[in-house]
Amino acid sequence: MTEEPDVFINLIRGVDGGAPGLNLYEVEVVGQEPLDYVKIYTLSAKSDTIARQEAVRRFAIDVRRLEAESKG
């Protein structure tokens, strides 16, 4: 991936299921061309920065998998 994707972070409040000591985040990752994919991840993390980093890491893995499947 040549450019870091744009990342939008929304904190979900009042949603059950977050681990103790962690907040639940919904992170939308929007890739720039040629990685023009949009993925939404729901993550438990201590901060929005950690949630953002994890979402970008997962996005990179998902995009590589999708590109491999399309070449496949």
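The following exchange concerns the nonpolar core, helix α1 and the salt bridges of a predicted model.

Biologist: Which element supplies the largest share of the largest nonpolar core?

Modeller: In soluble globular proteins, nonpolar side chains tend to be buried together. Here the largest nonpolar core has 11 residues, including Tyr-25, Leu-43 and Phe-59. β2, β3 and α1 each supply at least two residues of this core. The largest share, four residues, comes from α1.

Biologist: What length does α1 reach from its first C-alpha to its last?

Modeller: Helix α1 runs over residues 48-71 and has 24 residues. At 1.5 Å a residue, the expected span is 34 Å. The computed reach is close to that expectation, at 34 Å.

Biologist: Is Asp-62 buried or exposed?

Modeller: Asp-62 lies in helix α1, three residues from Arg-65, with which Asp-62 forms a salt bridge. Arg-65 is partly exposed because its relative accessibility is 38%. Asp-62 has a relative accessible area of 15%, and the cut-off for burial is under 20%. Asp-62 is therefore buried.

Biologist: How far apart are N and O in the salt bridge of Arg-65 and Glu-69?

Modeller: An α-helix has 3.6 residues a turn, so residues three or four places apart point the same way. Arg-65 and Glu-69 are four residues apart in α1, and therefore about one helical turn separates them. Their side chains meet in a salt bridge, with an N to O distance of 3.3 Å.

Biologist: Which residues are linked with Asp-62 in a network of salt bridges?

Modeller: The structure holds five salt bridges. Arg-65 pairs with Asp-62 and also with Glu-69. The residues linked with Asp-62 in the network are Lys-39, Arg-65 and Glu-69.

Methods: Residues numbered from 1 in each chain as written. Predicted model: local features only at pLDDT ≥ 70, side-chain atom pairs only at ≥ 80, totals over all residues. Heavy atoms only, no water. Core = buried A, V, L, I, M, F, W, Y, C linked by side-chain atoms within 4.5 Å. Buried < 20%, exposed > 50% of the residue type's maximum accessible area, 1.4 Å probe, protein only. Expected span 1.5 Å × (residues − 1). Salt bridge = Lys/Arg side-chain N within 4 Å of Asp/Glu carboxyl O.
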